[in-house]
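Biologist: I would like a close look at one part of this model, the aromatic residues and what surrounds them. Please take it step by step and keep it plain.

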Amino acid sequence: MPARISLHVPDKHLLGAYQAALRGGWSPNTTRNVAPEHLAAIAADPDAFLAEIRGGPGRIRLPDGREVDRIPGPTRWIFAEDRPERPFIGSINLRWQEDAAGRPILALPEHVLGHVGYTILPAFAGRGYATAALAAMLGVAREAGLPEISITCDATNQASRRIIEKNGGRLVETFVAPLYGPDQRLRFSVSTAP
């Protein structure tokens, strides 16, 4: 039976589940642990944290310590609908740039490896939840006007590669992103067409 999930806009009534995941050692960022930063931001001003994580403007710190403007785009929290307690199980986001007329473009800055990023709590990995979440986010990308998205994973991450391929991902290239280290990565193109 396929995994059933729901995607939710980050909201105050869901914040407790998100904080519990952060306190349990999970990070919504796959390149560095941002849990302490998120917990501090929530403690300082939960409304400001939620406004930023929902896709508003903000700054991000890159692995080399530089801070850059975050590309706005929606973040959704993932909940397992096929479990009685409907637990929080992860996060997925979509990001894109726009041209001068406000239309989405496929190009991304060098520090953004792909249009979609996701992470699932380890206790829920391998059960089809990320595959379902990516499928749902493709619909969000389509509504935003993106005919396709670019998505990447580490070359050694077979689980993530399967998730992307199950959603129609076509391997475009193997590359190294020096900003994120010497490891090889895979870039896929995924159509957003239904």
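Modeller: What follows starts with the ring pairs and then moves to the sheet and the helices around them.

This is a predicted model. It holds eight aromatic pairs. One of them joins Tyr18 and Trp26, with 5.7 Å from centre to centre and 85 degrees between the planes, an edge-to-face arrangement. Tyr18 and Trp26 are both buried. Tyr18 also pairs with Trp77: the ring centres are 4.3 Å apart and the planes are at 10 degrees, so this pair is stacked. The cut-off behind that word is an angle under 30 degrees between the planes. Because Tyr18 sits in helix H1 (residues 15-23) and Trp77 in strand S4, the stacked pair ties together parts that are 59 residues apart in sequence. The relative accessible area of Tyr18 is 0%, and that of Trp77 is 0% as well. Ring pairs extend this into a cluster made up of Tyr18, Trp26, Phe49, Trp77, Phe79 and Phe88.

Next comes the sheet to which the strand of Trp77 belongs. Four strands form an open sheet, in the order S1-S4-S5-S8, with antiparallel pairing. Strand S1 (5-8) and strand S8 (116-120) are at the edges and have a single partner strand each, so one side of each lacks a neighbour in the sheet. From one strand to the next, the twist averages 20 degrees. Strand S4 covers residues 75-80 and pairs with S1 in the antiparallel sense over four bridges. Within this pairing, Leu7 has Ile78 in S4 as its bridge partner. In a regular strand, side chains alternate between the two faces of the sheet.

Phe49, a member of the ring cluster, leads to the helices. Two packed helices are described by the angle between their axes and the distance between the axes. For helix H2 (residues 35-44) and helix H3 (residues 46-53), the angle is about 130 degrees and the axes are 5 Å apart. That angle makes H2 oblique to H3. On the H2 side, the residues in contact are His38, Ala41, Ile42 and Ala44, and they meet Pro46, Phe49 and Ile53 in H3. Sorted by class, this contact has six nonpolar residues, one polar residue and no charged residues. Phe49 therefore appears both in the contact of H2 with H3 and in the cluster linked by ring pairs.

Notes:
Residues are numbered from 1 along each chain as its sequence is written. This is a predicted model: local features need pLDDT of at least 70, side-chain atom pairs count only at pLDDT 80 or more; totals for chains, interfaces and linings use all residues. Side-chain values use heavy atoms; hydrogens and water are left out. Axes are lines fitted to C-alpha atoms, for helices over the stretch in contact, and angles run from 0 to 180 degrees between N-to-C directions. Helices (H or I, at least four residues) and strands (E, at least two) are DSSP runs, numbered from the N terminus. Angles under 35 degrees count as roughly parallel, over 145 as roughly antiparallel, 65 to 115 as roughly perpendicular and the rest as oblique. Contact means heavy atoms within 4.5 Å. Ala, Val, Leu, Ile, Met, Phe, Trp, Tyr, Cys and Pro count as nonpolar, Asp, Glu, Lys and Arg as charged, and the others, Gly among them, as polar. Two strands pair if DSSP finds at least two bridges between them. Rings of Phe, Tyr and Trp (its six-membered ring) pair if their centres lie within 6.5 Å; planes under 30 degrees apart count as stacked, over 60 as edge-to-face and the rest as tilted. Buried means under 20% relative accessible area, exposed over 50%, partly exposed in between (1.4 Å probe, protein chains only).
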